[in-house]
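The following exercises are to be worked with the sequence and the coordinates at hand. Each task is followed by a solution in steps.

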Amino acid sequence: MTTTHSEDSRPTPDTAEENAYFPSPYSLSLYTTSKTDFSNASYPKAYKGGKWKVLMIASQERYLMMQNGKFFSTGNHPVEMLLPMYHMDLAGFDIDIVTPSGNPVKLEMWAFPTEDEVVKATYEKYRHQLKQPKKLSDVVKDLNAGNYIGVFIPGGHGVLNDIPFSKDVKTVLFWAHDNERYVISLCHGPAGLLSAGIDEGKDDFLYRGYEMCVFPDSLDTGANIDIGYIPGPMPWLVGERLRALGVKILNTDITGTVHKDRLLLTGDSPLASNNLGKLAAETLLEAVAHQ
């Protein structure tokens, strides 16, 4: 029996939860690959001091409820997380992994590039931390003690669940700003920057006037629904909320674009994972050279 294009575009039920869905087979054929665009990376002047680290704030949530009441079975995108991690790790920076409550990091394993040795090796190296991350509320008690040169918020639709509404994430972002530390994010990850606006006036938003790359709202309101990547309209839109706070979003599509504005490094989509990793590694190495 031949599967029609229409049937292939239907989100796949996730039987672990009522009314929950994975992306459709057709959407996965468009959006996922067995290998990334990673090419040989080398950091001959890798950091060897052992002091400076990167703090990665990941989502612990699996299901995102859409406007129609259906759950999107999501989490953190593995490529958007692991490929930037690889570059920063290769450049000599240890990575501390945290979630808001210390619960395990959730990954969109349906997007895992199973034939990509670099991504697989990075996952294995950090598997224990991903399963047993630190609790963010414990870490924020003394961020200076962590010796963090950068903060990384990976993408994936799951970030919309918890990171933007966390006062602990807000504390980290203000600390990073006040102490001239870098913030790195991509795709839907910049939703986490919205936490800086909690209990703040619109005109006082920490990133007001910044330029950044973010996953386009137009895809989440159009193609991602049409091809069955998500099972319904988004609960809210990342770009829309950032623009309302005075952010300028540079990209309108996904091409792998990255951008640096002051101490903020961003990328537009999973396609930017390798580029953002390189930019982050090179930027952090330059930063520690002047510490």
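## Exercise 1: Aspartate 217

The backbone nitrogen of glycine 239 lies 3.0 Å from a polar atom of the side chain of aspartate 217. The model is predicted: local features need pLDDT of at least 70, side-chain atom pairs count only at pLDDT 80 or more, and totals for chains, interfaces and linings use all residues. Residues are numbered from 1 along each chain as its sequence is written, and side-chain values use heavy atoms, with hydrogens and water left out.

**Task.** Place aspartate 217 in its element, state whether it is buried or exposed, and list what it touches.

**Solution.**
1. Aspartate 217 is found in helix 8, residues 217–221. Helices (H or I, at least four residues) and strands (E, at least two) are DSSP runs, numbered from the N terminus.
2. The relative accessible area of aspartate 217 is 13%, so this residue is buried. Buried means under 20% relative accessible area, exposed over 50%, and partly exposed in between (1.4 Å probe, protein chains only).
3. The pair with glycine 239 is a polar contact, that is, a pair of N or O atoms within 3.5 Å; within protein, one must be able to donate a hydrogen and the other to accept it, and residues adjacent in sequence count only if both atoms are side-chain atoms.
4. Not counting residues up to four places away in sequence, aspartate 217 touches Leu237, Val238, Gly239, Glu240 and Arg243. Contact means heavy atoms within 4.5 Å.

## Exercise 2: The sheet

**Task.** Give the strand order of the open sheet of 7 strands, then trace its pairings.

**Solution.**
1. The order is 7-6-3-8-9-13-12, with mixed pairing. Two strands pair if DSSP finds at least two bridges between them.
2. Strand 7 (134–135) and strand 12 stand at the edges; each has a single partner strand, so one side of each lacks a neighbour in the sheet.
3. Strand 3 (residues 53–57) runs parallel to strand 8 over 4 bridges, and valine 54 stands opposite glycine 150 in strand 8.
4. Strand 8 (residues 148–153) in turn pairs with strand 9 in the parallel sense over 4 bridges; here the bridge partner of glycine 150 is tyrosine 182.
5. Strand 9 and strand 13 also run parallel, joined by 4 bridges, with leucine 186 partnered by glycine 267.
6. Strand 12 (residues 258–261) and strand 13 (residues 264–267) are antiparallel over 4 bridges, and histidine 259 stands opposite threonine 266. These two strands form a hairpin with 2 residues between them, and arginine 262 in the turn has a positive phi of about 60°.

## Exercise 3: Strand 9 and serine 185

**Task.** How many residues of strand 9 are buried, and which residues does serine 185 touch?

**Solution.**
1. In strand 9 (residues 182–186), 5 of its 5 residues are buried.
2. Both faces are covered: Tyr182, Ile184 and Leu186 lie on one side, and Val183 and Ser185 on the other.
3. Serine 185 has a relative accessible area of 0%, and its side chain reaches the backbone oxygen of isoleucine 153 at 2.7 Å.
4. Beyond residues up to four places away in sequence, serine 185 touches Ile153, Pro190, Leu265, Thr266, Gly267 and Leu276.

## Exercise 4: Positive phi in loops

**Task.** Compare the surroundings of asparagine 147 and cysteine 187.

**Solution.**
1. Most residues other than glycine have a negative phi.
2. Asparagine 147 has a positive phi of about 55°. It is found in the loop between helix 5 (136–139) and strand 8, and at 25% relative accessibility it counts as partly exposed.
3. Cysteine 187 has a positive phi near 60°. It lies in the loop between strand 9 and strand 10 (211–212) and is buried, with a relative accessible area of 4%.

## Exercise 5: The largest pocket

**Task.** Which residues lie nearest the centre of the largest pocket, and how does its lining divide into nonpolar, polar and charged residues?

**Solution.**
1. A pocket is an open set of points on a 1 Å grid over the protein atoms alone, where a 1.4 Å probe fits, with protein on both sides within 12 Å along at least five of seven lines; lining residues have an atom within 4 Å of a point.
2. The largest pocket holds about 390 Å³ of space. Grid points are joined across faces, edges and corners, and a volume is the space filled by probe spheres set on the points.
3. Of the 23 lining residues, Tyr31, Thr32, His77, Pro270 and Leu271 lie nearest the centre. Helix 2 (25–31) and helix 3 (78–90) are the elements that give two or more residues to this lining, and helix 3 provides the largest share, 3 residues.
4. The lining divides into 11 nonpolar, 8 polar and 4 charged residues. Ala, Val, Leu, Ile, Met, Phe, Trp, Tyr, Cys and Pro count as nonpolar, Asp, Glu, Lys and Arg as charged, and the others, Gly among them, as polar.
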